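Let's take a walk through this model together. Keep the sequence and the 3D view open, and look things up as we go.

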Amino acid sequence: MQASKFKLPLFIIATVLFGLKTYIVYKYMFNLSIENTMQELILFLNPFVSAYLVFAISVWLKPRRQMKYLRWTILIGTMILYLNLVFYRNFTDFITIPVLFQGNNAADLGSSILSLVHLPDLLLFMDVAVVWFLSKRAASWAVDFSKAGKIAATAVTFLLLTANVVLAEMERPMLFVRAFDREYLVKNIGIFNYHVYDATMTTKTKAQRVLADGSEVQEIETYMRENTTNNEKTDLFGVAEDRNVIFVSVESMQNFVLDEEVNGKEITPFMNDLKESSDTIFFPNFYHQTAQGKTSDSEFIVENSMYPLPRGAVYFTHAANEYNSLPEILNEEDYYTSVYHANNKSFWNRDTMYANLGYDKFFDEQSFEENEENSFGWGLEDKAFFEQSIKYLKEQEQPFYSKFITLTHHFPFELPEEKAHIDKYNSNSKTLNNYMPTARYTDESLKGFFQQLKDAGLYEDSIIVLMGDHYGISDFHNKAMSQFLGTEIDGYQHIQNQRVPFMIHIPGYEGGKQYDKIAGQVDVKPTLMHLLGIEEENDLSFGTNLFADERKGFIAMRDGSFVTDEYIYKGEVCYDRETGEPIETASEQESPCLPFKEKVDKELAYSDSLIYGDLLRFYDFDEGERQTKEEVEEKEKKKEQQNNQ
Ligand code: GP9
Ligand code: MN
């Protein structure tokens, strides 16, 4: 055959073939949800970007080596893709480095591997075959660029990569900082860049953990014992003993809709009545303390009475840490513990984190039946979610602790018109306008849930806790918010807007009342334990039982702002909590907020070191003693051996 003058270089052929194959796998073999054209475009582009990124390196090699490089990289790339596919078929998830080293997971996969490998999968190796064939034929498929050509080819790599990252950032702002769901990462930057990201994260996390030797824990423990952890018993100790706990994390619900109306109709009639019930304890000054990890942060705070991280989601970055979580404590008290959430199980890395926190069962998306009528926006609507949960709830051994995470009232607060009970609000913010009918929708679904619990005979033996997870309306909508609230939104009002519903409903209790004291999500764990009559002398927490007289006197937000009985501190301004007026002092040193500010900063820093260094592994919660690094390593080794058996 006469060699033509121009031959497409093999690295380009490899890019096109491998890119196309990866796209087909993304599109037809992984079940990635694509919501708009932009996502579709990114999904199409990123396989080619990743492929070019790897194959274009070959231009720097001598022709023979170039061929060898392309042969092996396309094979390795295909293997990575294929292993992920096999893993995905079993776990509906992507491989992470920690997962690879989790003995149990690999074993699970090992036993079922044959059922996950299909003959037609061989087609996925076609491009590998083509590249191997061509690369062995003749070195003329190689390129011999001048230095400028090589630099240009590499420059294209960076251009493509930048374009991909910019598009991904536009589609999902703060994709990397928020350490989002693995599916989002794969959809946006591709599976290969995702692995690079995962490896970087793992290394960083590991390093901080490795450097810790446990000496740090003493100071923090002393601080917690003296300032936060509190074992004081009150009249409410044990009022809910042996009852089931049904904890509802109410998506994006903020206090500002309580007792308010839109066009003469109440936004949250059910919750309004519930908080007044003689069986309900209500905290109107309860603040969420979440950061970038949103719902998952609120879960983390409640489960551990610790703060979330300033960047990223602790559910993602420190899911393998040692904790002394609420589900673990309850398991020891013979509770059955479960979570209900009709979303993809890997969202916020929940599947991994829940297992580590000791939940017995996670009823994720796959436990629910979704169809066109009962799902929209984020997925299964709350009414169907609760309805479908009852059958599982009834089967659970009692007493149980079950957490429900609602979804419908989530940004962008979309609701089919026929499902709305009230009008939208009328302002310049579509988000705030939409917020009202979805808030009402969720309120209705809660009403239904209470009824279903009664019908199922579960109500009397349970306590039901409702908690808003985080804000739904950001500062971006301040103008519309100030129209709704009838007040300017300054630092003071911003903090007040971070109040979320927190009510504890104890059927038959009759002692319900409103507690006006300041409260936050860190207080939930000790408060629930108190009501259930669980004594954990050695537990460490940053929150305090809300019924105790002795409390530390501030609620810290993740960005360093805070609320005390008398002051609210935000953006370096100290406000009088009652009047909302800034307190002017001659110097910052004289500000009445200063002593609190120092405490808040210290407490947040302590919480961060506990997480970054995984310091709780140096603490034996049974004995209330610290352990040396050697003891901990010995224990970890034993655990690993057991896992591998
Ligand atoms: C998704 C749900 C909502 O599973 O928790 O996530 P959010 O964006 O609120 O953290
Ligand atoms: Mn949420």
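## Four residues, one spot

In its unreviewed entry, UniProt places the feature "binding site" at Glu251, Thr295, Asp469 and His470. These residues span 220 positions in sequence, yet no two of their C-alpha atoms are more than 7.6 Å apart, so they gather at one spot. Keep in mind that what you are looking at is a predicted model.

## The manganese ion

What coordinates the manganese ion (ligand 2)? The list is Glu251 (OE, which appears twice), Thr295 (OG1), Asp469 (OD) and His470 (NE2), at 2.1 to 2.4 Å. Read along the chain, the donors follow the spacing E-x43-T-x173-D-H. Within that pattern, Glu251 and Thr295 link distant parts of the chain: Glu251 is in the loop between β1 (244-250) and β2 (261-262), while Thr295 is in helix α11 (residues 294-304), 44 residues apart.

Why is the arrangement around the manganese ion called irregular? The six donor atoms subtend angles of 57 to 167°. To count as octahedral, six donors need opposite ones over 155 degrees apart and all others between 65 and 115. For six octahedral donors, the ideal angles are 90 or 180 degrees. An angle of 57° falls outside those limits, so the arrangement is irregular.

## Glu251

Now zoom in on Glu251, in the loop between β1 and β2. Is Glu251 buried or exposed? With a relative accessible area of 1%, Glu251 is buried, because anything under 20% counts as buried.

Leaving aside neighbours within four places in sequence, Glu251 is in contact with Thr295, Thr406, Leu407, His409, His410, Asp469 and His470. Three of the names in that list, Thr295, Asp469 and His470, also appear in the UniProt "binding site" feature. For a contrast, try Asn188: Glu251 and Asn188 are 63 residues apart in sequence and 25 Å apart in space, C-alpha to C-alpha.

## Thr295

Thr295 gets a second mention in the record: UniProt lists Thr295 for "active site", again in an unreviewed entry. You'll find Thr295 in helix α11. Thr295 is buried, with a relative accessible area of 5%.

Which residues does Thr295 touch? Not counting residues up to four places away in sequence, they are Ser249, Glu251, Trp348, Arg350, Ile405, Asp469 and His470. The side chain of Thr295 also makes a polar contact with the side chain of Asp469, at 3.1 Å.

## His470

His470 is in the loop between β11 (462-468) and α17 (478-485). Its relative accessible area is 1%, so His470 counts as buried.

If you skip the neighbours within four places in sequence, His470 is in contact with Glu251, Ser252, Met253, Gln254, His288, Thr290, Lys294, Thr295 and Val500. One of these partners has a further link: a polar contact of 3.3 Å joins the side chains of His470 and Glu251.

## Backbone oddities

Most residues other than glycine have a negative phi, and most peptide bonds are trans. With that in mind, have a look at Trp348, one of the residues that Thr295 touches. Trp348 has a positive phi of about 60° although it is not a glycine. Its place is in the loop between β6 (336-340) and α14 (350-357), and Trp348 is buried, with a relative accessible area of 3%. Glu572 also has a positive phi, near 65°, without being a glycine. Glu572 is in the loop between β16 (567-570) and β17 (573-576), and at 71% relative accessibility Glu572 counts as exposed.

Where are the cis peptide bonds to look for? One joins Gln398 and Pro399, with omega about -5°. Pro399 is in the loop between α15 (382-395) and β10 (400-405). Another cis bond runs from Phe411 to Pro412, with omega near 5°, and Pro412 is in the loop between β10 and α16 (430-455).

## Stepping back

Finally, zoom out to the domains. The protein is divided into domain 1 (3-208) and domain 2 (234-547). How far apart do the C-alpha centres of domain 1 and domain 2 lie? They are 39 Å apart.

Conventions
Residues numbered from 1 in each chain as written. Chains lettered and ligands numbered in written order. Predicted model: local features only at pLDDT ≥ 70, side-chain atom pairs only at ≥ 80, totals over all residues. Heavy atoms only, no water. Donors = N, O, S within 2.8 Å, 3.2 Å for Na, K, Ca; no water. Tetrahedral: all angles 85-135°; square planar, octahedral: opposite > 155°, others 65-115°. Helix = DSSP H or I, 4+ residues; strand = E, 2+ residues; numbered from the N terminus. UniProt positions renumbered as here; feature names shortened; annotations may be inferred. Buried < 20%, exposed > 50% of the residue type's maximum accessible area, 1.4 Å probe, protein only. Contact = heavy atoms within 4.5 Å. Polar contact = N/O pair within 3.5 Å; in protein donor to acceptor, adjacent residues only side chain to side chain. Domains from an automatic or database assignment.
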